[in-house]
Number of protein chains: 4
Amino acid sequence: MKTSTFEKLTEDKQIAILDAAAGVFAQKGYFQAGILELCTATGISNGAMYKYFENKQGLYITVARRTMELLQTAANRMAAGQMNIWQRMQRILEEVVPFTTLYRDYFIVYMDLGSPSMDIFAAELSDDFERQSFVFFCRLIEEARLNGEIRPGIATETAAYFLDNHLMLFAFSCVSKHYDRRFHQYFAKDAELLESDQKIRLIMQSFRQLLG
Amino acid sequence: MKTSTFEKLTEDKQIAILDAAAGVFAQKGYFQAGILELCTATGISNGAMYKYFENKQGLYITVARRTMELLQTAANRMAAGQMNIWQRMQRILEEVVPFTTLYRDYFIVYMDLGSPSMDIFAAELSDDFERQSFVFFCRLIEEARLNGEIRPGIATETAAYFLDNHLMLFAFSCVSKHYDRRFHQYFAKDAELLESDQKIRLIMQSFRQLLG
Amino acid sequence: MKTSTFEKLTEDKQIAILDAAAGVFAQKGYFQAGILELCTATGISNGAMYKYFENKQGLYITVARRTMELLQTAANRMAAGQMNIWQRMQRILEEVVPFTTLYRDYFIVYMDLGSPSMDIFAAELSDDFERQSFVFFCRLIEEARLNGEIRPGIATETAAYFLDNHLMLFAFSCVSKHYDRRFHQYFAKDAELLESDQKIRLIMQSFRQLLG
Amino acid sequence: MKTSTFEKLTEDKQIAILDAAAGVFAQKGYFQAGILELCTATGISNGAMYKYFENKQGLYITVARRTMELLQTAANRMAAGQMNIWQRMQRILEEVVPFTTLYRDYFIVYMDLGSPSMDIFAAELSDDFERQSFVFFCRLIEEARLNGEIRPGIATETAAYFLDNHLMLFAFSCVSKHYDRRFHQYFAKDAELLESDQKIRLIMQSFRQLLG
DNA sequence: GATGAATGAGGCTTCATTCAT
DNA sequence: TATGAATGAAGCCTCATTCAT
């Protein structure tokens, strides 16, 4: 039972290190992030870095895993509560904002993971999160359907994929200029900068218009 | 008025070079692609490379610009024709497949451009394509609305953003394992590998269910 | 009078440590052997390593010293007995085999010590062994000469150096592919793998032919 | 037919580089020789180093190959002439001295190659030289036997191996303190420093005493 | 005395870019 | 203009050694 040196640190320290590393990875991307830079940011020495993690890749994977955990946890929290589908989606969208604020760096790492050049990490990273969010949205729709909250004639997957896409791209827009601009193009032609809650209102309208 | 040496090449040669470069960038990503590798792939010498382009970034931007042109051209071609909205969307989706096959490498470059670490190129690259696809989808919906092809009560932007998202993520799924898996999770739980036309059928169902 | 911590260990432990270290040094050579590797092999902690020995070089020298002691001891044992020169040489050669088997690692360390890049250790290591083996062979020859066992007209040093060389290179050949190949080239052209006792027979023939 | 960048240099330059590299390798050994040190010594930049050779190992192997060539050439030159065996051996020994002086560094590299930790290079380096020196000595003995220059009753291999060993160890002694000390112990007990020609005289005496 | 975490200099190698031909 | 050799900064990683516990 060989616990790596990193795992022996207090959880606080571990998190502090991963947070700092996530910051660097978010700002520069995996390939542009230098080991020395990561050392400075995390406040650990070059040598310690390689005691804690096998590799730069090892560090990145650990950060990515924490990313998944955070998403998972957040998703679970968002999923709670017994309201109707509109209230639940509203709440979920509202939770996205603090999440992408608080865990901005991790979320950017998550975005990057979708990019083709990051496929090298696919093997090392489970996609539990994606799987569970699929389950979650399907269930959400099913329940809503039972409660007559959504129009009939809509397949569960159709609706679930729609919600998931919208949520994902909203979250992306909270963190990436590119996706923010895209969102604005559709919903705020006139260059006014949308507040998050305005965005949410618009998204909720979409939901209601297409599903309600 | 400094015409770069590259522009003096025959267009065929220019395209051949950019194609080859796109291949390398697609496979390895911008940062992992080495200049020498790009030289070998494009068949031009190290020295010529720096005569043709200011530097690696210059080459990348040229590739990215061609990417945008190709997308633009394809979009224009897709947009043509005077059918009803379902036929048009069907046709657009069907065009996505050969496009992402023929210009696979360019399309991967396009995907990468959305990733946060590529923001460094944002300034150099116009987002005409995104702007025009916005215009296109809005117009499409407006016309469909006039023809009574879509349900009333749906805001133009809502529907246009919905179509655009779906289209984008479908195209992504043609090229990226990550997005393909995501699509399958929703529409083909039981691991069977979907052919493109099956995917298209499913997407068209979504469109009809939510907009029709 | 500072007795190092190492010397306070039981002799068994000391030997076990040196044996393990010799194993690593033999396999990788001094420069390629890592301290951590040596720690693992010897079963002592990184910290203890530096309590026991001043540094890596200190450990190596201790191993080298034990090497010399072992050679010395073996040589003394081999030298015993009151037979004629041929019997004695035969016996010595026969003892070489178990020695280079049992103390293979130490003997490889000994070989390495002859290599120019190990001259840095020359100052720290007495050459008692070499001196004594010189004395031994000279005496052996002198006695043989008195007993009329060797041809007249051969200077003592000539014969002694000859025996020593042969013995040394035989021992090398027991442990090093390079010297084994060399031996085979001369005495077993036809690629058959010689057993040690065959080698010994051939060497004894040499002795008899040149000295007898 | 891809000629490496190194091979495009003038032969003089190539040799100058290898000479300088051999100097560093001889002084410090393969593992202790640093790339930067090798760059400085050879007068080529870090970058060029890796254009010329795949590796530090690649450079070393090139040096080692030149070593073998030099030995080969020297051996061929030494082998020439139609004298009796004593004159020929005398001449060979006499040639050893300028060779180990002129090509001292290469010869030290050659010595190092026999050490167990250099076995990693065995695969890359042919042992043509060793093979040919075997052939050479056997032939030498055979001819001498025909001319009645050596005692009857001595097997060819016995004598050839004897000559080869003596020659090798003499050459070693020209270059290595360790082997020089060993030689002196046998032939110059009284610490007087032997000149090369004195050594040669002693060796020739050995030859005559044992073979003549 | 023993442990093993921490250190940081230094190792080898890559790579974008420049420059002589 | 075209070539490809040369450059050297910077990258990732290892390792002998020190030091706090």
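**Exercise 1.** Which residue of chain D comes closest to the rotation axis?

*Solution.* The model is predicted; local features need pLDDT of at least 70, side-chain atom pairs count only at pLDDT 80 or more, and totals for chains, interfaces and linings use all residues. Residues are numbered from 1 along each chain as its sequence is written, chains are lettered from A and ligands numbered from 1 in the order in which they are written, and side-chain values use heavy atoms, with hydrogens and water left out.

Step 1. Superpose by least squares on the C-alpha atoms of residues with pLDDT of at least 70 in both copies. A turn of 179° and a shift of 0.0 Å along the axis lay chain D on chain C with an RMSD of 0.2 Å. The two copies are therefore related as by a two-fold rotation axis.

Step 2. The C-alpha of D:Leu210 lies 2.7 Å from the axis, the closest approach in chain D.

**Exercise 2.** Determine which chains do not touch chain D.

*Solution.* Apply the contact criterion (heavy atoms within 4.5 Å). Chain A has no contact with chain D, the closest C-alpha atoms being 21 Å apart. Chain B does not touch chain D either, with nearest C-alpha atoms 12 Å apart.

**Exercise 3.** Describe the polar contacts made to DNA strand F.

*Solution.* A polar contact is a pair of N or O atoms within 3.5 Å.

Step 1. Bases: a side-chain N or O atom of A:Asn46 is 2.6 Å from a base nitrogen of strand F, and a polar side-chain atom of C:Asn46 is 3.0 Å from a base oxygen.

Step 2. Backbone: a polar side-chain atom of B:Ser45 lies 3.3 Å from a phosphate oxygen of strand F.

Conventions: A polar contact is a pair of N or O atoms within 3.5 Å; within protein, one must be able to donate a hydrogen and the other to accept it, and residues adjacent in sequence count only if both atoms are side-chain atoms.
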